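Me: I would like a close look at one part of this model, the metal site, together with whatever surrounds it. Please give one connected account.

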Amino acid sequence: MIAQCDGIKLLEQMLSEKRFRHSLSVRDEAVRLARRYGADEQKAEIAGLYHDVTKDMGPAEQLKMCDEFGIMLNAVERSSYKLLHALTGACYTRERLGVDDEEIFGAIYYHTTGRADMTLLEKIIYMADYVEPLRDFDGVEPVRAIVYEDLDRALLLALDNSFFELLGKHAQIHPNTLEARNFLLEKRQ
Ligand code: DGI
Ligand code: FE
Ligand code: FE
Ligand code: FE
C-alpha cells in the first residue's frame, strides 16, 4: 500500500487546490465520526482521504477508467457523469494505490449515492463528505447539528436534501439514492 505521505502528495497533484483541501477535511471529519461511533479510525482516515481521488478527471477519462476497471454502468451512471468518480475512485484506490480493503472500497464506491443497508464506514464517509467544515450549502446546518447524536437521522436528512436538490435540477435519481432513503424509512417504522 502507498505510504500516507506519498498518497497525500499524489492527491495534491491530481486535484484542484479546493478539492484537495476538501479531501483533507473529509479525512479529519471521518476520523472524528469513527471515534464517536466506534468505527475503525484508520479505515475512515484512508477512505476519507481518497474518496474523491478521481473527481477532477473529465468525462472521457472517467469512461475510459470504467472500461479498464471493468465497471458496468447503468443508465443513470451513463448519463450523469458526476456519479462516476465514486466508482472509479474506489477502483483507483484499490488497483493503483494498493489499498486492499473491502470496507474502504465500499465506503468510496457508495459515497455519492449511498445504498440500502449501508455499513457503518459507508455512512461515516457519506456524512463526512456532507458536513465537513469547508462545506457551505443550504440545509447543511441542521445535518451538522445532529450528525454526532443520531447518524441515521442525519443520513436521512442528507438524503432528503439531496432529493430536493436533484428534483430542482430535473436530474435523474440513482436507484441507490432511492434505496438508501427507503431503507432508512422502513427501519424507522
Ligand atoms: O464529490 P463531492 O462534490 O465532494 O460530493 P459527492 O460525491 O456527494 O457528489 C455530489 C454530486 O453528485 C452532486 O453534483 C449531486 C450528484 N448526485 C448525488 N446523488 C445523485 C447525484 N446525481 C444524480 N443524477 N443522481 C443521484 O442520485
Ligand atoms: Fe465525491
Ligand atoms: Fe456526498
Ligand atoms: Fe467529496
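Reply: What follows takes the metal site, then the pockets, then one helix and one glycine.

The model is predicted, and the values below are computed from its atoms.

The iron ion (ligand 4) has four coordinating residues: H22 and H51, each through NE2, and D52 and D129, each through OD. The distances run from 2.1 to 2.3 Å. Along the chain these donors are spaced as H-x28-H-D-x76-D. Two of them come from distant parts of the chain: H22 belongs to helix 2, while D52 sits in the loop between helix 3 (41-50) and helix 4 (59-69), 30 residues apart. Both H22 and D52 are buried.

D52 also serves a second metal. This residue bridges the iron ion (ligand 4) and the iron ion (ligand 2), and the two ions lie 3.5 Å apart. Around the iron ion (ligand 2), the donors are D52 (OD), H85 (NE2) and H111 (NE2), at 2.1 Å. Their spacing in sequence is D-x32-H-x25-H. Because D52 is in the loop between helix 3 and helix 4 and H85 is in helix 6 (residues 84-95), the pair ties together parts that are 33 residues apart in sequence. H85 is buried, as is D52. A further ion, the iron ion (ligand 3), is 5.7 Å from the iron ion (ligand 2).

Next, the pockets. The largest pocket holds about 860 Å³ of space. Its lining consists of 24 residues, of which K82, T112, E165, L166 and K169 are the closest to the pocket centre. By class, the lining has 6 nonpolar, 10 polar and 8 charged residues. Helix 2 (17-37), helix 8 (120-131) and helix 10 (151-168) each contribute at least two residues to this lining. Helix 2 thus appears in both parts of this account: H22 of helix 2 is a donor to the iron ion (ligand 4), and helix 2 supplies part of the lining of the largest pocket.

The second largest pocket has a volume of about 190 Å³. The residues that line the second largest pocket are K18, R19, R21, H22, E132, L134 and R135. Of these, 5 are charged, 1 is polar and 1 is nonpolar. H22 is therefore named twice, as a lining residue here and as a donor to the iron ion (ligand 4), and H22 is buried under the cut-off of 20% relative accessible area.

Helix 10, one of the helices that line the largest pocket, has 18 residues. From its first C-alpha to its last, helix 10 reaches 26 Å, close to the 26 Å expected at 1.5 Å a residue. The buried residues in helix 10 are L151, A154, L155, L156, A158, L159, S162 and F163. The elements that cover these buried residues include helix 2, helix 8, helix 9 (140-146) and helix 11 (175-188). Helix 2 and helix 8 are thus among the cover of helix 10, and they also share in lining the largest pocket.

Last, the glycine. G7 is found in helix 1 (residues 4-14). G7 is buried, with a relative accessible area of 0%. Leaving out residues up to four places away in sequence, G7 touches I2 and Y50. The C-alpha atoms of G7 and V53 are separated by 10.0 Å, although the two residues are 46 residues apart along the chain.

How values were computed. Residues numbered from 1 in each chain as written. Chains lettered and ligands numbered in written order. Predicted model: local features only at pLDDT ≥ 70, side-chain atom pairs only at ≥ 80, totals over all residues. Heavy atoms only, no water. 1 Å grid on protein atoms, 1.4 Å probe; cavity = no way out; pocket = protein on both sides within 12 Å on 5 of 7 lines; lining within 4 Å. Points joined across faces, edges and corners; volume = space filled by probe spheres on them. Helix = DSSP H or I, 4+ residues; strand = E, 2+ residues; numbered from the N terminus. Nonpolar A, V, L, I, M, F, W, Y, C, P; charged D, E, K, R; others polar. Donors = N, O, S within 2.8 Å, 3.2 Å for Na, K, Ca; no water. Buried < 20%, exposed > 50% of the residue type's maximum accessible area, 1.4 Å probe, protein only. Expected span 1.5 Å × (residues − 1). Contact = heavy atoms within 4.5 Å.
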